[in-house]
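Trainee: Could you walk me through a protein model, one question at a time? I am new to this and would like to learn how to read one.

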Amino acid sequence: MWKALLQPKSQRTFKILFNLILWGLWIGLPLLSPVHQSHSNDHPHPHQNPEFTEHIWLEICTVVPLFYTITLVLIPIVFRQGGVLSYIVSVILLVVSFWFIQYFVMAYVLPFDERALEWPTLKGFFPLIMITGIASTYGLLLEFITIEARNEESKNEQMKSELSFLRSQISPHFIFNVLNSIVYLIRTKADKQAEDVTIRLSNLMRYMLYDSDQSMIPLSKELEYLKNYIDLQKMRFDDDVKIEFEVIGKVNNCIIEPMLLIPFVENAFKHGVGFVIDPVIKISFGIEDGILDFKVENKKGDRDPNVKDESSGIGLKNVIRRLELLYQNRHVLEIEDLEKDFKVGLRLKLHK
């Protein structure tokens, strides 16, 4: 419920309902008191009842403007700029001012009887204090909601900027790997295969340039992207690398952050092919009841540990960070860096 109040539409609804309930109770409840009921018996019609008229006029001239002066002026301006002390002093001066206004209204606007000409007592001071407490609580609550909404918006914008930066790091690196595959295939394969590879590359580029700019895309597009990439790698390596790709379940109406899965696959081909005897890459894509179970496994080679690729691990670090930002408490990521194998398991609760 609290998160809902951070939305502008929910804030407007809350303000309208609060004001309707407040003034309905404030004006209506005194009319139901036993004292007022006895006066009402002498005046059946409200407009003929001096007590009723006096009550309405006092609320309109004192209590209502006091409430909105506090909520619309003192808290947004004085409290925000001057702090608590300035706000307290301003409230005290304001309440005293409206106390005198109350006397003026009773003495010159509502001279129904001699009682109205008396100097206002502490009994008339109490409603002003009460409405001041309600207005302060309501106004400070709105101020807190406004601050939280701004912080939430700032956090979302920062997250978008960070995600955009992470995507920009992934895309050039991925393009570089795919182009290497294309060059190799063009040099070694027939024209027909080169044409097929070019079409697949076109699909990949279209996905990266257009679909990846969206915050979420259908899971089917991400799966198609993975298939195109894996097919390109199969064409490149032929029988030199054993590539297993399994899809379990049906992709329905689920959506996913674009290019979220490809870094795991890319990492497997990058580190599971060179310097590896009988390389094997296994990829499993399972979907059931909105839960994605994605696994990637590759054999490790005997690469010299002192020779390290500067870009090594960038893709995995980026995708881990993206998962933390977008799927907090909605994913489980397990990475096993064993002596001869490297395994990744991602269990992800998808949006629909």
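Mentor: Happy to; here are some questions and answers about this structure. This is a predicted model, in which local features need pLDDT of at least 70 and side-chain atom pairs count only at pLDDT 80 or more, while totals for chains, interfaces and linings use all residues. Residues are numbered from 1 along each chain as its sequence is written, and side-chain values use heavy atoms, with hydrogens and water left out.

Trainee: Thanks! How many helices and strands does the protein chain have?

Mentor: Helices (H or I, at least four residues) and strands (E, at least two) are DSSP runs, numbered from the N terminus. Counted that way, the secondary structure of the protein chain comes to nine helices and seven strands.

Trainee: What share of the protein chain's residues count as buried?

Mentor: Buried means under 20% relative accessible area, exposed means over 50%, and partly exposed lies in between (1.4 Å probe, protein chains only). The protein chain has 352 residues, and the share that counts as buried is 36%.

Trainee: Which helix gives the most to the largest nonpolar core?

Mentor: A nonpolar core is a set of buried Ala, Val, Leu, Ile, Met, Phe, Trp, Tyr and Cys residues joined through side-chain atoms within 4.5 Å. The largest one has 45 residues, and Phe264, Val265 and Phe294 are among those with the most contacts inside it. Several elements each supply at least two residues of this core, including helix 6 (191-209), helix 8 (262-271) and strand 5 (291-299). With eight residues, the element that gives the most is helix 7.

Trainee: How many residues of helix 8 are buried?

Mentor: The buried residues there include Phe264, Val265 and Phe269, which are also among the residues with the most contacts inside the largest core. Helix 8 is mostly covered, and of its 10 residues the number buried is eight.

Trainee: Which residues does Phe18 touch, not counting residues up to four places away in sequence?

Mentor: Phe18 is found in helix 1 (residues 8-31) and is partly exposed, with a relative accessible area of 24%. Its C-alpha atom is separated by 8.9 Å from that of Tyr138, although the two are 120 residues apart along the chain. Contact means heavy atoms within 4.5 Å, and on that basis Phe18 touches Phe67, Ile134 and Tyr138.

Trainee: Which residue meets Arg80 in a salt bridge?

Mentor: A salt bridge is a side-chain nitrogen of Lys or Arg within 4 Å of a carboxyl oxygen of Asp or Glu, and the whole structure has five. Arg80 in helix 3 (residues 50-82) pairs with a residue in helix 5 (residues 122-188), 63 residues apart. Arg80 counts as partly exposed at 43% relative accessibility, whereas its partner counts as buried at 9%. The N to O distance is 2.8 Å, and the partner is Glu143.

Trainee: Why are Glu324 and Arg321 separated by about one helical turn?

Mentor: An α-helix has 3.6 residues a turn, so residues three or four places apart point the same way. Glu324 forms a salt bridge with Arg321, the closest N and O atoms being 3.3 Å apart. The two are about one helical turn apart because their spacing in helix 9 is three residues.

Trainee: Last one: how many disulfides does the structure hold?

Mentor: A disulfide is a pair of cysteine sulfur atoms within 2.5 Å. Cys61 is partly exposed, at 23% relative accessible area, and Cys254 is buried, at 4%. The number of disulfides in the structure is zero.
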